[in-house]
Amino acid sequence: MTADDVRSGERPGAARRAVVLGGGLAGTTAALRLAEAGLETTLVETRPRLGGLAFSFRRDSAAGELAVDNGQHVYLRCCTAYRWFLERLGAAGLAPLQDRLDVPVLDVGGSRPRLGRLRRSALPVPLHLAASLAGYPHLSLAERGAVARAALALKGLDPADPALDAIDFGTWLHRHGQSPRAVKALWDLVGTATLNARAPQASMGLAAMVFKTGLLSEPGAADIGWAHVPLGDIHDVLARTALHKAGVRTLLRTRARTVEPDGAGGWRVTVEQGGSGSEELAADTVVLAVPQREAHRLLPPGALADPGRLLEIGTEPILNVHVIYDRKVLRRPFFAALGTPVQWVFDRTTASGLTGGGQYLALSQSVAHEEIDQPVAALRERYLPELERLLPAARGAGVRDFFVTRERTATFAPVPGVARLRPAARTLAPGVLLAGAWTATGWPATMESAVRSGVTAAREALVALGRPYGAEPVPGIEGRAHEHN
């Protein structure tokens, strides 16, 4: 009998058991990896579905029954972990990438609308964006030159440098000669969507990571992908199928109450199922793939040197505005906007299942502090006229439905200093690990960060158990897995 057998109180050769709390992308990833390594794995999720904050639901609308995503989620070609996740679920074809980065940017802030495009070529970095920047109409010639110089300066930075996390992106941009217009028309255009923060409120470390990895690593790194089907078809339906095939027991509508030592070196997780009473789950490994406040509640004493840091990690909201028109008003799959409160607009007609003509547009509004709690009527009064400014075809179109979805805690706040608050995967409690986009992945709060955290948590759990974990699905995932916060 080995020391590990004594610690877990099991006989030699007995199967190890894992409990993963949280059925978002982080928890699903961790559960799949642990089960594939031979652990008897149970996944516990409070909601009646998987997917976390990237999900869809059915809505009975005046335009018929619709499949509605809670928000517009995209990923980039450089998101290697999420791309692996899609492949693992058999969903890569349902969320394809652009052949090449191409973002139409419409500015309606001047005397007449102007359309620009952020596009890449096949040339090596940084020449792949040179032609697009040279012809970008929303910046002056001098501003374009200053942007090019700032991009070269970014390329030389190490996003993991703690000194970068201590300053904000806006300060760095100002020091590197970026005008307010350049910040709005380029840096915040990208940064707001990826960081859910404007430059003055964003950690320079995270901003450097986004721009260096997405725009300055490989020519195709920033090519955009998004689901062409409801997110629930991927993150819930296909995820459940993959978990079932891997042998994972999935408990929905089930809430974890406590995580306690079992007295024999393992853990006892008490869960409560809706209407079915409580159940105790025995585990050698427990992965807390839940939001930071929930993780703080569930962590056993002594698991982190300073658990209060989890409560210092703030959150940021995202608002999505959904408009169903009675005719087609947009002929592109998406575009970004300037000179208007509207940020990004996506055509969700096909993915939603809208029939009988018309078009479904979804507006993704990050950093939505001022609007997240406004009534639908006020948001309708604000955004319909803005869409008519942007889309002339909308001026004579009828609105068949207008509604909003709100995620008040959509992402962690990527403020300067947040890196010191984000915990590693492994805790001081043997066998208890953390996962979630908010943990120390080095990435902002994205689907990529969530999957990376799940991969890391599973790997660290298996290393601690002395179990081989097979080929790493995402090369280069390192992070701060061995540090304790």
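## The seven-strand sheet

In this predicted model, an open sheet of mixed pairing is built from seven strands, arranged in the order β7-β6-β15-β16-β17-β14-β18. Its edges are formed by β7 (114-119) and β18 (399-412), each of which pairs on one side only. Between neighbouring strands of the sheet the average turn is 25°, direction ignored.

At the β7 edge, six bridges join β7 to strand β6 (residues 102-107) in the antiparallel sense. Within this pairing, Val-105 is placed opposite Gly-116 of β7. Helix α14 (residues 376-390) lies across β6, β14 (315-325), β15 (334-338), β16 (344-347), β17 (359-366) and β18. The helix runs at about 105° to β18. Arg-382 lies over the face of Tyr-383, at 5.8 Å from the ring centre.

## Gln-359 in strand β17

Strand β17 contains Gln-359. This residue counts as buried because its relative accessibility is 1%, below the 20% limit for that class. The side chain of Gln-359 makes a polar contact of 3.1 Å with the side chain of Asp-347.

Apart from neighbours within four places in sequence, the contacts of Gln-359 include Val-323, Ile-324 and Tyr-325. Also among them are Arg-327, Lys-328, Val-329 and Leu-330, as well as Asp-347, Thr-349 and Leu-354.

## Aromatic pairs and charges over rings

Across the whole structure, 12 aromatic pairs are found. One pair, Phe-55 and Phe-57, has ring centres 6.5 Å apart and planes at 45°, so the arrangement is tilted. Phe-55 counts as buried at 13% relative accessibility, whereas Phe-57 is partly exposed at 30%. The ring of Phe-55 also has the charged end of Arg-49 over it, 3.7 Å from the ring centre.

Trp-226 and Phe-346 form an edge-to-face pair, with 6.4 Å from centre to centre and 70° between the planes. Because Trp-226 belongs to strand β8 (residues 224-226) and Phe-346 to strand β16, this pair ties together parts that are 120 residues apart in sequence. Both Trp-226 and Phe-346 are buried. Ring pairs link these two residues with Phe-334 and Trp-344 into a cluster.

## Strand β13 and its parallel partners

Strand β13 (residues 285-288) is covered on both faces. Thr-285 and Val-287 lie on one side, Val-286 and Leu-288 on the other, and all of them are buried.

β13 pairs in the parallel sense with strand β1 (residues 17-21) over four bridges. In this pairing, Leu-288 of β13 is the bridge partner of Leu-21. A parallel pairing over three bridges also connects β13 with strand β19 (residues 432-434), where Val-287 stands opposite Leu-433.

## An exposed loop glycine

Gly-156 is placed in the loop between α5 (141-155) and α6 (162-165). Its relative accessibility is 66%, and Gly-156 therefore counts as exposed, the limit for that class being over 50%. Although Gly-156 and Leu-216 are 60 residues apart along the chain, their C-alpha atoms are separated by 9.9 Å.

Methods. Residues numbered from 1 in each chain as written. Predicted model: local features only at pLDDT ≥ 70, side-chain atom pairs only at ≥ 80, totals over all residues. Heavy atoms only, no water. Pairing = 2+ DSSP bridges. Helix = DSSP H or I, 4+ residues; strand = E, 2+ residues; numbered from the N terminus. Axes fitted to C-alpha atoms, helices over the stretch in contact; angles between N-to-C directions. Contact = heavy atoms within 4.5 Å. Buried < 20%, exposed > 50% of the residue type's maximum accessible area, 1.4 Å probe, protein only. Polar contact = N/O pair within 3.5 Å; in protein donor to acceptor, adjacent residues only side chain to side chain. Phe/Tyr/Trp six-rings, centres within 6.5 Å; stacked < 30°, edge-to-face > 60°. Lys NZ or Arg CZ within 6 Å of the ring centre and 35° of its normal.
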